[in-house]
Amino acid sequence: MVELLDNQRTFHIQVKHTSLVLHVLPTGHVTVIYWGKRLESKSLAYVIQDIGRASYISDTDGIKDFKLEQLPQAMPTHGNSDLRTPALVLEYADGSRITNLRYKDFKVYSGKERLPGMPTITSGEEVETVEILLEDYLQQVTVKLIFSAFYEYNAITQSVVVTNLSKSNVTIEKVVSSNIDFLDAAYDVCYLSGAWGRETHRQVRPLSQGAFLLDSKRGASGHGQNPFLALADKQANENSGSIYSMNMVYSGNFQAIAEVDMHQNTRMQMGINPFDFAWQLVPQESFYTPETVLIYSDQGYNQLSAIYHRFYRECLMKSSHAEKVRPVLINNWEATYFDFDKRKLLSLAKEAADCGIELFVLDDGWFGKRSDTTTSLGDWQPNHQKLGGSLSGLIEEIGQLGLQFGLWVEPEMVSPDSELYRAHPDWIIQVAGRDPQLARHQYVLDLANPAVQNYLITELSTLLEKENIAYIKWDMNRNITDSGSSYLAVAQQKELSHRYILGLYHVLEILTEQFPEVLFESCAGGGGRYDPGMLYYMPQTWTSDDTDAIERLPIQSGTSLIYPPISMGCHVSAVPNHQVGRITSMDTRGIVAMQGNLGYELDLTQLSTEEKLLVKEQVVQYKEIREIVQLGQLIRLTEIENQNQYAWLYRSKDATAFVVSFVQVLARANTVPKRLKLAGLDAKAYYQVGERICTGSELMSIGLKLDKPIEDYAGQRWLVKKIEK
Ligand code: GLA
């Protein structure tokens with residue numbers, strides 16, 4: 001809902017529990033005067049008037065004491081008296097770089113428009129949008145700030161449109177999707193960082209004067225940082241405190257900044273990374289930024305997660321699977337790697353079917369002449385020799401065992417040793433005259449080139465039309481180096497990284513529209529592209545290539561800060577674990593993998609009868625609880641400072657059933673086990689846990705009894721059910 005105050009100079013953007021307030025100054029500058037807990041107000045202009053004036057910094061427009069640098073702005077530009085980090089940098093044909101935006105107009109309407117060629121969150125009831133139009137009168141450029149309020153979801157989205165109304169080209173050097181200035185600096189920054197195999201560890205650090213920067217220059221959102229940044233109250237924890245966050249619906253290079261200035265104000269911004277980026281905006285054309293999602297929580301990180309999860313499940317993920325429970329899968333990667341034949345695959349599938357698994361995923365190595373990483377990416381024809389006949393034949397036999405069939409592809413890549421590369425050496429990302437770098441023996445296709453996009457669409461739709469495929473794992477296993485495109489003009493070379501992502505979105509748009517029944521899972525060497533842009537098209541992500549249950553605890557906990565459990569691929573794998581050599585029990589591996597979308601990725605034919613029985617039981621149990629896990633609400637029960645104990649709970653949609661899990665990393669000698677206090681129950685209602693019946697208040701204030709850990713990596717799980725009494 002958007003309310004207009006102060007003679008239509010103040011825009012009060014409201015969702016159920018949050019307000020974001022923008023105000024237009026008499027000079028035409030647009031300020032952000034408030035973001036936080038929902039306000040009741042009839043006039044807010046005084047917030048700006050009350051700001052104390054600092055010495056030394058410049059006045060603006062010759063107005064005494066009008067100090068732009070001190071004002072909380074919505075779109076600060078380069079070239080005026082605010083010398084903090086700008087949100088917009090344009091270069092004009094005359095070589096000048098000053099942009100002076102002033103308010104021109106606004107528009108409020110119900111609903112929200114799709115951003116051209118980019119994932120846009122449009123579904124969901126009760127959406128209202130306000131567009132605020134700004135103009136640089138001299139250069140004839142307009143900038144539109146678009147905010148949409150998703151009332152019931154407590155979510156606000158923002159994007160920005162730059163339009164060139166002049167007669168000459170304008171170069172966009174930087175444009176963020178969101179810039180919000182805060183009038184204080186007593187915050188911690190919270191973000192998700194890591195590396196391959198160690199993705200999305202939640203970090204919290206105090207802010208101080210200077211700039212805190214997160215980014216990716218890797219051509220993908222990346223394993224290193226997630227396009228997510230939050231400012232949190234110093235005291236914020238899982239259940240209390242204010243948190244202000246941005247998450248960008250984008251899968252490429254991004255930059256997020258939290259900058260504290262000389263006067264303890266904080267500028268928070270997020271957008272496409274200006275690094276190695278410049279966009280030629282020709283006359284009469286517009287540039288659309290990806291959108292950011294702005295979520296505020298006044299009750300700590302658990303509430304923040306709950307808002308994101310519901311919003312992403314119900315509004316972002318457009319797949320027909322978004323809200324359907326997902327199949328339990330077996331993936332052959334860690335079971336066989338490249339070393340498989342039909343016999344091996346069928347015996348794995350048979351064991352899987354015996355265990356109640358529902359989907360068989362054939363990973364890398366089924367196409368061209370690929371038996372290691374050196375060849376055949378790009379040649380998406382089944383290897384009949386390896387598959388012991390046609391792919392259709394294999395799928396049929398697996399189908400006869402009662403399993404659906406899924407397939408791995410890595411469409412954005414090409415091996416130098418491939419028919420595709422031999423036919424189109426100019427289709428890769430490279431700079432003519434230089435030898436492009438190989439990574440994992442592969443090059444990246446130039447997805448900015450429509451011929452490449454069309455090739456991928458044709459190849460993959462032929463495959464999906466021909467074969468009975470229920471699931472696709474879409475992988476992307478290297479970062480982009482040698483940034484150069486033989487398709488793009490000289491002046492457009494710095495557009496490549498963004499055009500690559502637009503090309504990828506185009507391919508995904510067509511394929512996911514054409515094959516709505518296929519369940520797509522995205523992967524980039526694990527979580528190297530775990531972002532809302534990918535989730536828009538593919539409602540699952542392979543969380544990490546690290547499948548060790550203990551390593552997965554901080555990874556999944558971090559991921560769950562923003563992304564819904566239904567989107568997290570979590571597999572039980574073999575011990576000793578292939579990444580870290582750790583040995584954990586089948587029980588603990590199951591408990592951890594049931595935090596998201598359960599799968600198995602080990603050679604089931606090598607399990608003992610006992611272990612197989614455990615797997616069978618796990619699958620039965622997971623099927624009983626998966627609706628609660630996948631569609632319910634997650635509440636983390638331990639704080640991130642406690643890295644030895646992880647506990648979490650899922651509450652079913654109707655709040656009648658709860659799955660509670662606990663893992664202790666290391667056992668400690670001579671300790672007395674404590675109790676685990678639950679959350680999210682009805683204090684007065686009765687619940688059954690095992691044989692015992694307790695009230696919600698008992699479970700929340702006294703808690704469940706924890707076992708004494710007699711070994712490392714021990715886990716426990718409970719099912720708590722509401723009963724009538
Ligand atoms: C990546 C993926 C793995 C597996 C391999 C296959 O590393 O993350 O799960 O699919 O590629 O080459």
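**Exercise 1.** In which loop is the place of Arg-440? Determine also its backbone angle phi and its exposure class in this predicted model.

*Solution.* Step 1: Arg-440 sits in the loop that runs between α7 (419-423) and β25 (443-444). Step 2: its phi is near 50 degrees, which is a positive value in a residue other than glycine. Step 3: the relative accessibility of Arg-440 is 31%. Partly exposed residues fall between the limits of 20% and 50%, so Arg-440 belongs to that class. Step 4: Arg-440 is also listed among the closest residues around the ligand.

**Exercise 2.** Describe the surroundings of the ligand.

*Solution.* Step 1: the ligand is surrounded by 13 residues, of which Asp-363, Asp-364, Arg-440, Lys-473 and Asp-545 are the closest. Step 2: the side chain of Asp-363 places an N or O atom 2.6 Å from an oxygen atom of the ligand. Asp-364 likewise has a polar side-chain atom 2.6 Å from a ligand oxygen atom. For Trp-542, the distance between a side-chain N or O atom and an oxygen atom of the ligand is 3.4 Å. Step 3: on its own the ligand has 300 Å² of accessible area, and the protein covers 96% of this.

**Exercise 3.** Is Glu-291 buried or exposed, and what does its side chain contact?

*Solution.* Step 1: Glu-291 is located in the loop between β19 (286-288) and β20 (292-297). Step 2: its relative accessible area is 1%; the limit for burial is under 20%, and therefore Glu-291 is buried. Step 3: a polar atom of the Glu-291 side chain lies 2.6 Å from the backbone nitrogen of Ile-121. Step 4: beyond four places in sequence, the contacts of Glu-291 include Lys-112, Thr-157, Asn-247 and Val-249.

**Exercise 4.** Which residues touch the most other members of the largest nonpolar core?

*Solution.* Step 1: the largest nonpolar core has 195 residues, and Leu-362 and Trp-366 touch the most other members. Step 2: with residues up to four places away set aside, Trp-366 touches Phe-340, Trp-380, Leu-407 and Leu-463, among others. Step 3: a separate core of 20 residues lies apart from it, with Leu-637, Leu-676, Ala-685 and Cys-694 among its members.

**Exercise 5.** What are the backbone features of Pro-576 and Gln-284?

*Solution.* Step 1: the peptide bond from Val-575 to Pro-576 is cis, with omega near -10 degrees. Pro-576 lies in the loop between β29 (568-573) and α12 (586-593). Step 2: Gln-284, in the loop between β18 (279-281) and β19, has a positive phi, near 75 degrees, although this residue is not glycine. Step 3: exposure requires over 50%, so Gln-284, at 57% relative accessibility, counts as exposed.

Definitions and conventions: Residues numbered from 1 in each chain as written. Predicted model: local features only at pLDDT ≥ 70, side-chain atom pairs only at ≥ 80, totals over all residues. Heavy atoms only, no water. Core = buried A, V, L, I, M, F, W, Y, C linked by side-chain atoms within 4.5 Å. Buried < 20%, exposed > 50% of the residue type's maximum accessible area, 1.4 Å probe, protein only. Contact = heavy atoms within 4.5 Å. Near = heavy atom within 4 Å. Polar contact = N/O pair within 3.5 Å; in protein donor to acceptor, adjacent residues only side chain to side chain. Areas by Shrake-Rupley, 256 points an atom, 1.4 Å probe, with all protein chains shown as cover. Helix = DSSP H or I, 4+ residues; strand = E, 2+ residues; numbered from the N terminus.
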